[in-house]
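Please examine the sequence and the structure shown below. The paragraphs that follow lead through the packing of the helices.

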Amino acid sequence: MRLCANCNFSGCEPDDKFCTKCGKRLEGAGFLTAGMEMTRKVSTPSDVHYKLGHIYYRRGKLEDAIRSWEDSLKDNPGNTQAREMIEKAKEELAASGGKK
């Protein structure tokens, strides 16, 4: 786990570039290669919603994750990964018996 210098959250995964609690860039993740910079510039709204869904999912906010993935599908109906994650989150939500 990595520690966020901004909010002291210690639950960030080793490969996370941003804190999953406050959203700030993690120390040591400050470099951007030319390819990474280009990717960041061409992110679509669908990509942003899809990634936000994963942040909510990791934090256990399944309903918020589902909404984000559904928003991703509005912009990109062919996003099969978003569809799969929606189904997975809905199954987990049903198994937990309620709201998360």
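Contact here means that heavy atoms lie within 4.5 Å. In this predicted model, the buried residues of α2 pack against α3 and α4.

Helix α2 covers residues 45-58. Its 14 residues should span 20 Å at 1.5 Å a residue, and the end C-alpha atoms of α2 are indeed 20 Å apart, which agrees. The buried residues in α2 are Ser-46, Tyr-50, Gly-53 and Tyr-57. Viewed down the helix axis, the buried residues of α2 fall within an arc of 55°, so they line one face of the helix. Just after α2, Gly-60 adopts a positive phi of about 85°.

Helix α3 follows, at residues 62-75. For its 14 residues a span of 20 Å is expected at 1.5 Å a residue, and the distance of 20 Å between the end C-alpha atoms of α3 agrees with this. Buried positions in α3 are Leu-62, Ala-65, Ile-66, Ser-68, Trp-69, Ser-72 and Leu-73. Because these residues cover an arc of only 165° around the axis, they sit on the same side of α3. The cover over the buried residues of α3 includes α2 and α4, the latter at residues 80-96.

One aromatic pair is present in the structure. Tyr-57 and Trp-69 form this pair in a tilted arrangement, with 5.9 Å centre to centre and 50° between the planes. Since Tyr-57 belongs to α2 and Trp-69 to α3, the pair ties together parts that are 12 residues apart in sequence. Trp-69 has 0% relative accessibility and therefore counts as buried, the cut-off being under 20%.

The largest nonpolar core has 12 residues in all: Tyr-50, Tyr-57, Leu-62, Ala-65, Ile-66, Trp-69, Leu-73, Ala-82, Met-85, Ile-86, Ala-89 and Leu-93. Each of α2, α3 and α4 supplies at least two residues of this core. Met-85 is one of the core residues; leaving aside neighbours within four places in sequence, Met-85 is in contact with Tyr-50, His-54, Tyr-57 and Trp-69.

The loop between α3 and α4 contains Asn-79. With a relative accessibility of 11%, Asn-79 counts as buried. Apart from neighbours within four places in sequence, Asn-79 is in contact with Ser-46, Tyr-50, Ser-72 and Leu-73. Among these partners, Ser-46 and Tyr-50 are buried residues of α2, while Ser-72 and Leu-73 are buried residues of α3.

Key
Residues are numbered from 1 along each chain as its sequence is written. This is a predicted model: local features need pLDDT of at least 70, side-chain atom pairs count only at pLDDT 80 or more; totals for chains, interfaces and linings use all residues. Side-chain values use heavy atoms; hydrogens and water are left out. Rings of Phe, Tyr and Trp (its six-membered ring) pair if their centres lie within 6.5 Å; planes under 30 degrees apart count as stacked, over 60 as edge-to-face and the rest as tilted. Helices (H or I, at least four residues) and strands (E, at least two) are DSSP runs, numbered from the N terminus. Buried means under 20% relative accessible area, exposed over 50%, partly exposed in between (1.4 Å probe, protein chains only). The expected span of a helix is 1.5 Å times one less than its number of residues. The arc is that of the directions from the helix axis to the C-beta atoms. A nonpolar core is a set of buried Ala, Val, Leu, Ile, Met, Phe, Trp, Tyr and Cys residues joined through side-chain atoms within 4.5 Å.
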